[in-house]
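Here are a few notes from my look through this model. Have the structure open while you read them.

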Amino acid sequence: MFKYVILFTCVYAFLNQVFASELLDWPVKLNNESHQFGANLSQFVEIGSKYFHAGQDIVASAGSEVITPVSGRIEAGYYEYRDLPTGHSEKIFYPLLETMNDLVLQTRLRTFFEVAIIDDEGRRFEFHHIDAVKMTMDIRGAIITNKRIEAGTVVGHVVSRELNQFGILYDHIHYNVIDKNGKYLNPFALSSEVKDEIPPKIKGVFYKEENTLAKCKLHNGEFLKSVKENTEILNPEYLVFEAEDYLSNNKIAQAVTIIDISYDQGDVPNLTYDFSKGLELDFDIREIYYGKFCIGDPAYPLNLKGSVNTKFYYKVPLPLAYDGGVTVSVYDFKGNKTVKSFKISYKDLRNPF
Ligand SMILES: [Zn+2]
């Protein structure tokens, strides 16, 4: 028995070491303050246009050091995005060496400058909103001579953006990790542990009544009704729920990490969107994220003021003439969970008999 305990302890220590050594440092110093983590990977953002955020924002004051958590080849350049109709976006990258003398582009994209490290596995670690002007001669030299950069090196400094968001000065880096197949990995799955003991919240549930037309001009929206849990919902076309998550000590709302929808009647499979490991680029965001509507309940005024929509609306599709229960479960990154169930009734109103 004792032998097994020792063996188990050894195996446990070994696994612990393996996992511990795999966790990367965050690229800016974590300060444990309430506004450190901003928009996350699974977030649908509306800044002028709409797109999937795909990386993690980490708030840090302008001038803060950005330190690469991995070793590898270095690249830098300006970038911008073009929207795709599916809600994803296409990046246009202007490498540093090709833009050295292009003052017009440098001015236009002043705060959209990226330094990236490509590690030995082919993963690309991108740090956005780096100050191009403050780039050191060492880093500039490494880019020009293709010199390898070691983990722990300061590769840049956070640029000042004078951007107010979420009630704070939102200077930050946007941190993307992209594997060699182009999949966006969730930085929370790769990086040292961040505390989160608070489950996500489902704040409101709404439904689109069958055959109702768009009534509200705001954002070309449709008219939705709010509904409480355990209330019967008659003939909805679909449900929309509002959910959000907060990490412990963090005051900026985050999108949830896993959304799971199950139907208890008929042969309807569960619908799951799982962003815990990363973001698949092969689905249309409009399937699940729902931003374009207004709500006919004064208790839920939809406020889209400001440059970022910090409310997260998820659409729950319903089979035609569905009659039965629907359960919505949302999880945050740590697996903290919140569940709500709804009863949907179908009546053929054209034929009362
Ligand atoms: Zn961002």
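1. Let's start with Val158, bearing in mind that this is a predicted model. Leaving aside residues up to four places away in sequence, Val158 touches Ala60, Ser61, Ala62, Gly63, Ser64, Val66, His129, Asp131, Asp171 and Ile173.

2. Where does Val158 sit? You'll find Val158 in the loop between strand S9 (154-157) and strand S10 (164-165). Despite the loop address, Val158 counts as buried because 24 other C-beta atoms lie within 10 Å, and the cut-off for buried is 20 or more.

3. One distance to check on your screen: the C-alpha atoms of Val158 and Lys134 are 9.3 Å apart, and these two residues are 24 residues apart along the chain.

4. Now for Glu162, which is also in the loop between S9 and S10. Buried or exposed? Glu162 is exposed, because it has 9 C-beta neighbours inside 10 Å, and 12 or fewer is what exposed requires. Have a look at the backbone here too: Glu162 isn't a glycine, yet its phi is positive, near 50 degrees.

5. Asn249 is another one to click on. It isn't a glycine either, and its phi is positive at about 70 degrees. Asn249 belongs to the loop between strand S17 (236-244) and strand S18 (258-263). With 16 C-beta neighbours inside 10 Å, Asn249 comes out as partly exposed, since that class covers whatever falls between the buried and exposed cut-offs.

Terms used. Residues are numbered from 1 along each chain as its sequence is written. This is a predicted model: local features need pLDDT of at least 70, side-chain atom pairs count only at pLDDT 80 or more; totals for chains, interfaces and linings use all residues. Helices (H or I, at least four residues) and strands (E, at least two) are DSSP runs, numbered from the N terminus. Two residues are in contact if their C-beta atoms, placed from the backbone, lie within 7 Å.
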